[in-house]
Amino acid sequence: MASSSFNPRHLAGLFAQAAPAVISIGLLLVAWELYVNHSGIKPTVLPAPSRVLEQAMLNRDALLDNAIPTIRATLIGFACSLSAAFALSMLVDFFQPLRRALFPVFIVSQTLPLVAIAPLVVLWFGFGLTPKIMLVALVTFFPMLVALVQGYEATEVEIGQMLRSMGAGRWRVFWLARLPSALPYFFAGLRISITYAVVGAIFAEYAGAAKGLGIYMLNAKNNFRPDLVLAAVGVSAALTLVLFGLTVLLQHLAMPWERAAGRQTAGKGPHA
Amino acid sequence: MSRLEVRHVRKAFGGLEVLADISLRVDAGEFVSILGPSGAGKSTLFQLLTGAEHGEGEMFFDGAPLDDHGRHFAFMPQRDALMPWRRILDNTTLGLEVQGVHRKAARSRVAPLFAEFGLAGFERHFPAQLSGGMRQRAALLRTVVQERDMLLLDEPFGALDALTRAAMQRWLEQMWRHYRWTALLITHDVREAVFLSDRIYVLSARPARVVREIKVPLPRPRDPAGARQSGILEAEILDILLNLQPSKGHDHD
């Protein structure tokens with residue numbers, strides 16, 4: 001069943017969907033290239049995309065070397081944040097008063113300016129992996145928690161009533177109905193959070209790190225190499241896109257009924 | 001012999017009186033309908049029966065006070081309440097799974113019934129791929145395979161279009177003749193109540209009380225040949241419903 005979604009027509013549809021984005025980005029790059037070539041602006045101020053690409057290729061070992069710690073911080077931080085959000089969302093779902101007690105704290109945590117917090121966290125926890133994980137978790141935890149809690153709430157009332165009439169306890173209702181009902185909300189939250197996660201990791205590295213895309217950007221800027229800053233930006237954008245794509249793929253695999261809803265079997269079989 | 005007996009049941013939510021005084025009984029193998037205006041609190045009665053809410057008054061099952069609610073009733077809610085993420089086969093085994101029946105055993109118990117319920121070939125489909133009528137049949141299948149003493153059907157066809165609803169009513173009447181479930185149906189559709197029931201309790205508007213108990217003496221199968229007799233009965237019931245005063249002083253019987 002799952003394999004049927006990867007037919008050629010489906011792929012063609014995907015390309016058709018992506019085409020406008022590819023074209024608009026392409027046009028933007030062409031305009032940028034033309035502007036740099038004709039205005040005579042110095043490459044230390046604004047490098048052309050071709051130069052950024054050329055320098056990126058020349059420095060690909062350094063870029064890759066610095067991308068790995070960023071990826072590691074992003075993934076570990078995001079995994080921690082997800083586990084914590086899931087555990088807490090369950091706790092809040094089972095003990096409603098906790099929600100009123102904890103949510104204000106989390107909302108405040110979302111108002112903290114990252115620029116101010118990142119150097120402090122680095123000051124407290126050093127230049128290692130820990131402060132990066134913490135900052136990634138800080139920016140992604142709350143959106144994931146809210147997504148999950150809202151998702152549980154979205155459970156159809158009738159399904160809950162029916163399950164209880166069958167003799168299901170709270171755990172069964174949670175497991176059989178509330179958790180699956182939350183999946184669309186969970187994936188919506190995941191798509192948003194994963195983009196925050198990369199930015200969070202880079203911010204943390206910017207505030208102080210031995211290695212990473214953030215510190216690489218900072219060093220390149222201090223050496224008057226905007227081409228390398230932009231090359232690192234390109235790498236982080238590509239990284240975000242890949243992670244985003246993974247969440248979409250994951251949703252696709254985890255929610256086969258969403259696809260099924262699209263292909264109605266109208267006219268097939270006996271309809272009442 | 002009466003299986004379910006409800007005596008002088010009252011229920012209020014805060015200051016809002018929903019059920020004023022409900023007394024009714026359902027005999028073994030009997031199909032009984034509760035007919036009343038929308039918002040009369042008919043569903044509240046089901047919540048009391050399934051134990052989701054608690055009210056005043058007495059409820060008996062097979063002569064014993066009703067305490068372990070879940071054991072006696074299989075409940076079919078207003079909307080089909082099929083889980084979109086479960087295939088039809090797994091939706092219909094849900095009640096058995098909650099009872100602790102192994103998934104495989106539950107499946108083999110339900111699978112042979114798919115043909116009779118007009119669902120053969122759709123075991124592996126998701127609910128979103130089925131028509132409204134098929135979804136309701138799947139929901140009914142999920143309800144009856146629990147093999148409880150009695151079915152509680154809460155406006156099961158309320159969300160269907162008129163044609164599908166008529167088809168489903170005929171199908172249900174036919175199924176009932178085969179299985180003789182003890183069933184209590186909530187509806188605000190006079191025609192549906194007359195077509196399906198052995199007896200009908202007519203409820204007033206909120207706060208609900210039983211204003212009339214009506215026997216339906218029509219022969220089964222309830223085919224279109226009996227349409228004239230049922231038409232007379234329908235008109236009579238409609239008269240009762242339309243003459244109901246929402247005022248509190250209205251006396252019943």
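**Exercise 1. Work out whether B:Glu147 is buried, partly exposed or exposed, then do this for its salt-bridge partner.**

Step 1. B:Glu147 has a relative accessibility of 62%, so it counts as exposed. The cut-offs: buried means under 20% relative accessible area, exposed means over 50%, and partly exposed is in between, with a 1.4 Å probe and protein chains only.

Step 2. A quick word on what you're looking at: this is a predicted model, where local features need pLDDT of at least 70, side-chain atom pairs count only at pLDDT 80 or more, and totals for chains, interfaces and linings use all residues. Residues are numbered from 1 along each chain as its sequence is written, chains are lettered from A and ligands numbered from 1 in the order in which they are written, and side-chain values use heavy atoms, with hydrogens and water left out.

Step 3. Now the partner: B:Glu147 meets B:Arg109 in a salt bridge, 3.5 Å from N to O. For a salt bridge, a side-chain nitrogen of Lys or Arg has to be within 4 Å of a carboxyl oxygen of Asp or Glu. B:Arg109 sits in helix 5 (residues 103-110) of chain B and B:Glu147 in the loop between helix 6 (132-144) and strand 7 (150-154) of chain B, so the pair ties together parts 38 residues apart in sequence. Helices (H or I, at least four residues) and strands (E, at least two) are DSSP runs, numbered from the N terminus.

Step 4. B:Arg109 comes out at 40% relative accessibility, so that one is partly exposed.

**Exercise 2. Find which residues join A:Glu153 in a salt-bridge network.**

Step 1. Start with one pair: A:Glu153 bridges to A:Arg99, with the closest N and O atoms 3.8 Å apart. A:Glu153 is in helix 6 and A:Arg99 in helix 4 (residues 96-111) of chain A, 54 residues apart.

Step 2. Check exposure: A:Glu153 is partly exposed at 41%, and A:Arg99 is partly exposed at 27%.

Step 3. Follow the shared partners, and A:Asp93, A:Arg99, A:Glu153 and A:Arg178 turn out to be joined into one network. Over all chains, the structure holds 25 salt bridges.

**Exercise 3. Describe how helix 8 of chain A crosses helix 6 and helix 9 of that chain.**

Step 1. Take helix 6 (residues 129-153) and helix 8 (residues 170-206) of chain A: their axes come within 7 Å and cross at roughly 155°. That makes helix 6 of chain A roughly antiparallel to helix 8 of chain A. Axes are lines fitted to C-alpha atoms, for helices over the stretch in contact, and angles run from 0 to 180 degrees between N-to-C directions. Angles under 35 degrees count as roughly parallel, over 145 as roughly antiparallel, 65 to 115 as roughly perpendicular, and the rest as oblique.

Step 2. Try helix 9 (residues 213-222) of chain A: its axis and that of helix 8 come within 6 Å, crossing at roughly 55°. Helix 8 and helix 9 of chain A are therefore oblique to each other.

**Exercise 4. Look at helix 7 of chain A and say which residues are buried there.**

Step 1. In helix 7 (residues 157-165) of chain A, the buried residues include A:Glu158, A:Ile159, A:Gly160, A:Met162, A:Leu163 and A:Ser165.

Step 2. Go just past helix 7 of chain A, and you'll find A:Gly167 with a positive phi of about 100°.
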